[in-house]
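Hi,

Here is the structure I promised to pass on. Have a look at it first, and then read my notes below.

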Amino acid sequence: MRQHNQEELFKRTCDIIRPGLLQRETPLIVGAGSGGARVAEELVRSGISHIILADLPDERLLEHNIIRHPLGYRDLGRLKTEAVRDRLLDINPACQVEIHGLDFAEDRELAEHLLRKATQCHSCVDNDKARYAINEMIVENHVPAFFAGVFDGGVGGEVIRVMPGGPCYACVASMLNRSPRFEQDRDESFDYSDPDQDQYRSTAALNIDISQIALVHARVALNTLMEKYELEGGSPMEGNYVLFGNRQSAPLFPSMLHCETWQVQKADDCMVCSGLNEADCASQADEIMASATVR
Ligand SMILES: [Zn+2]
């Protein structure tokens, strides 16, 4: 491998992100498809140097994935986790990428083990069962998490941020499911982790549509870290839900690149997170960070 120089690598970005600080972080990315691969790539480019990447066992890059995935023909047929790991190492060879093949909805023991090593979790899975399983585990383990999805046809998408003690994914999803504004688009949404799966009715989203939402996802995560480390430019995100329109699609998106940030409240009757509050979780969040620095 060609010699690389970390200082030179981050020369043009270190005034903004200070990669050294972000080395304390270990994101867990669940799903190495179109969304997860891009989020992982952006995190590495931001200076994250430890990543845990998980996908279903034997999840491989197929030919029809290529047009909407950062990987290409060179990796056709390979396990997505292995190929994405190599891609990340090609961007920063000093990065440590741990890969696992498991179903988060089924293999709870390993899933929880991985979560306990992580300082944030990115849900880039392709089904609600896994999404709700991840939600339960991140709430229980007080790990900040980010969920994202692309709407039918790629007209836009959403990013949900769940902080320890705050409203969880189930709280946000139940509010959105009751909102008449989402009557069509959200009902038919698919997760951007693997829009090519056969069970999805729509395969109309373009690569640019999926990438745009993945970038919003990565930006929300990065901004959360910049806030945490009080970096300049890390303006507080006022809300936990970002709705982003790639294209005009009335009534949801009145214009292209339409963006809204909402603060969705905790549902009093939430089966997952009611009874927990931010104060209870703060000390445990500190513990997570403390253990994360001892490697
Ligand atoms: Zn909840």
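Strand 5 is mostly covered, with 6 of its 6 residues buried. By buried I mean that 20 or more other C-beta atoms lie within 10 Å of a residue's own; exposed means 12 or fewer, partly exposed is in between, and C-beta atoms are placed from the backbone. Both faces of strand 5 are covered: A145, F147 and G149 are buried on one side, and F146, A148 and V150 on the other.

Before going on, a word on what you're looking at. This is a predicted model, so local features need pLDDT of at least 70 and side-chain atom pairs count only at pLDDT 80 or more, while totals for chains, interfaces and linings use all residues. Residue numbers start from 1 along each chain as its sequence is written.

The protein has 10 helices and 8 strands; these are DSSP runs numbered from the N terminus, helices being H or I with at least four residues and strands E with at least two. Of its 295 residues, 43% count as buried.

Who are the partners of strand 5? On one side, 3 bridges join strand 4 to strand 5, and the two run parallel; here H122 has F146 as its bridge partner. On the other, strand 5 and strand 6 run antiparallel and are joined by 6 bridges, with A148 bridged to V159 in strand 6. I call two strands paired if DSSP finds at least two bridges between them. The hairpin of strand 5 and strand 6 has 5 residues between the strands, and G153 takes a positive phi near 80° there.

Now the whole sheet. It is open, has 8 strands in the order 3-2-1-4-5-6-7-8, and its pairing is mixed. Strand 3 (96–101) and strand 8 (259–262) stand at the edges with a single partner strand each, so one side of each has no neighbour in the sheet. On average, neighbouring strands are turned by 15° against each other, direction ignored. (Axes are lines fitted to C-alpha atoms, for helices over the stretch in contact, and angles run from 0 to 180 degrees between N-to-C directions.)

At the strand 8 end, strand 7 (residues 241–245) pairs with strand 8 in the antiparallel sense over 4 bridges, and Y241 has W262 as its bridge partner. At the other end, strand 2 and strand 3 run parallel, joined by 6 bridges, with A54 bridged to H100.

Which helices pack on this sheet or lie across its strands? Helix 6 (residues 108–117) packs on it, touching strand 1 (27–30), strand 2 (50–55), strand 3 and strand 4 (120–123), and its direction makes about 160° with that of strand 2. Helix 7 (residues 128–141) lies across strand 1, strand 4, strand 5 (145–150) and strand 6 (156–162), at about 170° to strand 4. Contact here means C-beta atoms, placed from the backbone, within 7 Å. Strand 4, helix 7 and strand 5 also make a right-handed β-α-β unit; right-handed means that, with the strands pointing away from the viewer, the path from the first strand over the helix to the second runs clockwise.

Last, the inside. The largest nonpolar core has 68 residues, and V30, A40, I51, L115, C121, I134 and I138 touch the most other members. Such a core is a set of buried Ala, Val, Leu, Ile, Met, Phe, Trp, Tyr and Cys residues joined through C-beta atoms within 7 Å. Helix 9 (residues 207–228) gives the most to this core, with 10 residues.

Cheers

Note on methods:
Two residues are in contact if their C-beta atoms, placed from the backbone, lie within 7 Å.
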